[in-house]
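Here is a friendly walk through the structure shown below, starting from a single residue and working outwards to the whole chain. Keep the viewer open as you read.

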Amino acid sequence: MEITVRDLVTVVHGMFFGALLLLTFTGAAASLYAMSASGSGWTPTSSQQRAITIYLIFMALLAWTTVFLGAYAVYPWYRAIPPAGTHNLAAYPQRLLMSNSLTVGWHDIGMEWKEHLAWFAPISLTAVAYLFSRYGTQLRSLRPLRHAVFGLVALAFASACIAGFFGAMLNKNAAVRGGAQIIIMRGESR
């Protein structure tokens with residue numbers, strides 16, 4: 001069993017960082033709601049508030065890591081231009097998608113949305129982390145700001161979901177492959 005370096009980087013980008021980011025939204029939404037909802041009986045201690053702030057900062061950093069890895073490692077491999085006369089486009093995902101009328105939409109809509117929309121997640125989560133660290137439990141009494149924080153979390157979640165969906169579909173139709181082979185396991189000789 002083997003994998004290429006580009007396959008591995010793509011898996012780390014999407015299935016590790018991206019999936020982990022999507023999982024963290026549950027904790028963020030639950031803790032923000034429990035702490036800031038009017039009528040909530042829970043008032044976090046200063047150490048609990050610090051833990052939530054660290055959690056939100058971690059989410060923002062995870063989102064930035066995911067987007068930067070995708071934009072500056074996977075995306076250039078996706079957009080690689082084949083040399084003139086190349087007939088096998090398997091190593092050139094963008095050109096492979098664009099070469100077939102049945103798959104060109106995955107590039108025209110899927111990648112174009114993915115490459116732009118994905119940036120909303122880290123930007124929104126950075127704003128959430130800042131606002132929570134600045135206002136903390138005061139969000140309970142600042143209703144418009146509390147709604148803005150929840151809106152930013154929802155925007156970040158939606159953009160991460162859409163980018164993840166399109167990333168998975170693009171990888172299914174035209175995977176980014178190549179680079180050195182990494183042997184994970186050797187089969188038995190017969």
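Thr53 has its place in helix α2. In this predicted model, Thr53 counts as buried because its relative accessibility is 13%, under the 20% cut-off. Which residues is Thr53 in contact with, once its neighbours within four places in sequence are left aside? They are Phe132 and Ser133.

Phe132 leads us on to helix α5, since Phe132 is one of the buried residues of that helix. The others listed with it are Ala121, Pro122, Ser124, Leu125, Val128, Ala129 and Leu131. What covers the buried residues of α5 includes α1 (5-36), α2 (46-78), α4 (104-117) and α6 (143-173). The length of α5 can be checked too: helix α5 has 16 residues (residues 120-135), so at 1.5 Å a residue it should span 22 Å, and its end C-alpha atoms are indeed 22 Å apart. After α5 comes Gly136, which has a positive phi, near 50°.

Next, helix α1, where two residues make good stops. Thr24 lies in this helix, and so does Phe17. Is Thr24 buried or exposed? Thr24 counts as buried, because its relative accessibility is 6%. Setting aside neighbours within four places in sequence, Thr24 is in contact with Tyr55, Phe58, Met59 and Leu62.

Phe17 is also buried, with a relative accessible area of 19%, which falls under the 20% limit for that class. Not counting residues up to four places away in sequence, Phe17 touches Val12, Leu62, Thr65, Thr66 and Leu69. Of these, Thr66 is worth a look in the viewer: Phe17 and Thr66 are 49 residues apart in sequence, while their C-alpha atoms are 5.6 Å apart in space. Leu62 appears among the contacts of Thr24 and also among those of Phe17.

Helix α1 also holds a charged residue, Asp7, that pairs with a distant partner. Asp7 forms a salt bridge with Arg177, and the closest N and O atoms are 3.3 Å apart. This pair links distant parts of the chain, with Asp7 in helix α1 and Arg177 in the loop between α6 and β2 (181-183), 170 residues apart. How many salt bridges does the count come to? The count is one. Asp7 itself is buried, at a relative accessible area of 15%.

For another pair of positions, go to Ala80, in the loop between α2 and α3 (93-98). Ala80 is partly exposed, its relative accessible area being 23%. Leaving aside neighbours within four places in sequence, Ala80 is in contact with Tyr92 and Arg95. The C-alpha atoms of Ala80 and Pro93 are separated by 7.8 Å, and the two residues are 13 apart along the chain.

On the surface there is a nonpolar patch formed by Met1, Val5, Leu8, Ile182, Ile184 and Met185, and together these have about 530 Å² of accessible area. Met1 lies in the segment before β1 (2-4). Met1 is classed as exposed because its relative accessible area is 59%, and the class begins over 50%.

The table gathers the accessibility values of the residues visited.

| Residue | Relative accessible area | Class |
|---|---|---|
| Thr24 | 6% | buried |
| Thr53 | 13% | buried |
| Asp7 | 15% | buried |
| Phe17 | 19% | buried |
| Ala80 | 23% | partly exposed |
| Met1 | 59% | exposed |

Finally, step back to the whole chain. The chain has six helices and two strands, and along the sequence they follow the pattern β-α-α-α-α-α-α-β. Its C-alpha atoms fill a box of roughly 65 × 45 × 20 Å along the principal axes. What radius of gyration does the chain have, next to that of a compact globule of 190 residues? The chain has 21 Å, whereas such a globule would have a value near 16 Å.

Buried residues make up 36% of the 190 residues. The accessible surface of the chain comes to about 10900 Å², and 66% of that belongs to carbon and sulfur atoms. Among contacts between residues at least 6 apart in sequence, 79% join residues at least 24 apart. The pair Asp7 and Arg177, 170 residues apart, links distant parts of the chain.

Technical notes: Residues are numbered from 1 along each chain as its sequence is written. This is a predicted model: local features need pLDDT of at least 70, side-chain atom pairs count only at pLDDT 80 or more; totals for chains, interfaces and linings use all residues. Side-chain values use heavy atoms; hydrogens and water are left out. Helices (H or I, at least four residues) and strands (E, at least two) are DSSP runs, numbered from the N terminus. The expected span of a helix is 1.5 Å times one less than its number of residues. Buried means under 20% relative accessible area, exposed over 50%, partly exposed in between (1.4 Å probe, protein chains only). Contact means heavy atoms within 4.5 Å. Patches are made of residues with over 30% relative accessible area and no salt bridge: like charges are joined within 9 Å, nonpolar side chains (Val, Leu, Ile, Met, Phe, Trp, Tyr) within 5 Å. Accessible areas come from the Shrake-Rupley method with a 1.4 Å probe; for residues, only the protein chains shown count as cover. A salt bridge is a side-chain nitrogen of Lys or Arg within 4 Å of a carboxyl oxygen of Asp or Glu. The radius of gyration is taken over C-alpha atoms; the globule rule is 2.2 Å times the number of residues to the power 0.38.
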